[in-house]
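Here's a quick walk through this structure, piece by piece. Take a look at it first, and then read on.

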Amino acid sequence: MKILQWCDNIFPAKGNMGAERVVERTCRGLQKLGHSVWLKAKPESKLDWIEVVQNIPKDCDIIHHHGWCWDHEEEYREWNKPWVSTIHGGGMEIDPNWLTRANNNSNIICVSKFVADRINCKAFVHACSDPSEFFFKEKKQDYFLYLSSLDWGFQKGLDIFVGLAKIVKNQKFVIAGGTHNHDLINWIKNICQKEKNITYVGEVNGKEKAELFANAKGYILPTQLPDACPTTISEALMSGTPVIGSINGSLPEIIHNSVGYICRNQSEYLKAILSIKKIDPLTCRQYAENNYSDVVTAQKYVMYYENMLRFGKV
């Protein structure tokens with residue numbers, strides 16, 4: 001199949017560009033399956049493993065757009081090609097216009113069942129990770145990790161993570177993530193000065209990020225947001241690292257009880273921290289490969305592409 005992936009951003013993905021990173025991984029997964037793939041992106045993009053285009057190739061079979069928007073539907077129809085569009089976020093349904101157009105839309109694919117259910121859509125494919133980007137470690141170091149964009153700080157449960165560290169003083173807790181919010185950075189640095197078991201390492205990417213995940217005895221994401229499908233969860237599991245998450249968003253859907261814990265309150269987080277060694281790192285890696293790898297995601301998207309080509313709906 002000849003597939004155009006369309007995402008109006010600059011590539012390669014950098015920093016906290018989670019959705020863009022998923023687009024890259026989806027492209028690679030499709031290539032691994034033997035499909036021909038183009039990426040339509042900003043002209044400043046520089047990638048040497050895929051052809052970046054500015055126009056729709058005449059011989060493409062289907063367009064996979066990323067970032068559906070209700071007021072662009074007329075433009076989508078003008079493409080004169082079969083198309084699907086992935087919604088990478090959650091929470092947009094507070095806009096009545098958005099919700100009306102998204103409701104049961106036959107072109108939309110969500111990144112989790114959680115988001116699909118909220119807008120009455122049937123199609124979803126979880127955000128993915130590339131197993132080659134993360135290395136498995138069975139033997140862990142003695143720290144729990146919080147890794148997220150700190151622009152979302154407290155909304156992603158940073159304060160909850162710090163609160164746990166203050167109680168479990170015999171464990172090390174590492175905070176990773178970048179932000180332009182200098183007040184928040186100062187708050188974190190002050191916390192680290194007072195609480196000697198908390199360390200802040202700043203923004204991490206590439207090998208440094210992979211090592212942090214692989215060495216952590218657990219990844220904690222106490223998000224308070226309706227998170228659609230945080231890629232950090234599959235990244236942690238690919239590294240063989242169990243995940244402790246909140247009850248919010250898609251987390252109960254993507255964190256199986258064989259690879260982590262879902263927590264509703266502080267006492268449940270503390271119990272999960274004490275029970276983390278019960279989870280087998282190899283089980284985490286295998287679960288991630290079977291459910292959240294780039295190839296698995298690509299296979300699921302191909303199924304929806306075929307539905308669109310045959311029936312005109314996903």
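Let's start with one pair of residues: isoleucine 175 sits opposite tyrosine 200, which belongs to strand S9. A word on the source: this is a predicted model, where local features need pLDDT of at least 70, side-chain atom pairs count only at pLDDT 80 or more, and totals for chains, interfaces and linings use all residues. Residues are numbered from 1 along each chain as its sequence is written, and side-chain values use heavy atoms, with hydrogens and water left out.

**The sheet**

Strand S8 (residues 172-176) runs parallel to S9, and three bridges join them. Strands here are DSSP runs of E, at least two residues, and helices are runs of H or I, at least four residues, numbered from the N terminus. Two strands pair if DSSP finds at least two bridges between them.

Zooming out, six strands make up an open sheet with parallel pairing, in the order S9-S8-S7-S10-S11-S12. At its edges are S9 (198-200) and S12 (260-263), each pairing on one side only. On average, neighbouring strands of this sheet are turned by 20 degrees against each other, direction ignored.

Two helices pack on the sheet, H5 and H7. Touching means heavy atoms within 4.5 Å. Axes are lines fitted to C-alpha atoms, for helices over the stretch in contact, and angles run from 0 to 180 degrees between N-to-C directions.

| Helix | Strands touched | Angle |
|---|---|---|
| H5 (residues 158-167) | S7 (143-147), S8, S9, S10 (218-221) | about 160 degrees with S8 |
| H7 (residues 206-215) | S7, S8, S10 | about 135 degrees with S7 |

**The cysteines**

How many disulfides does the structure hold? Zero. A disulfide would be a pair of cysteine sulfur atoms within 2.5 Å. The sulfur of cysteine 60 has its closest cysteine sulfur 13 Å away, in cysteine 27, so that's too far for a bond. For cysteine 128, the closest one is in cysteine 229 at 9.2 Å, again too far. Cysteine 60 is buried at 4% relative accessible area, and cysteine 128 is buried at 0%. Buried means under 20% relative accessible area, exposed over 50%, and partly exposed in between (1.4 Å probe, protein chains only).

**A serine in a loop**

Serine 293 lies in the loop between helix H11 (281-292) and helix H12 (294-311). Is serine 293 buried or exposed? It's buried, with a relative accessible area of 6%. Leaving aside residues up to four places away in sequence, serine 293 touches Cys128, Ser129, Pro131, Met238 and Ala288. A polar atom of its side chain also lies 3.3 Å from the backbone oxygen of glutamate 289.

Definitions and conventions:
Polar contact = N/O pair within 3.5 Å; in protein donor to acceptor, adjacent residues only side chain to side chain.
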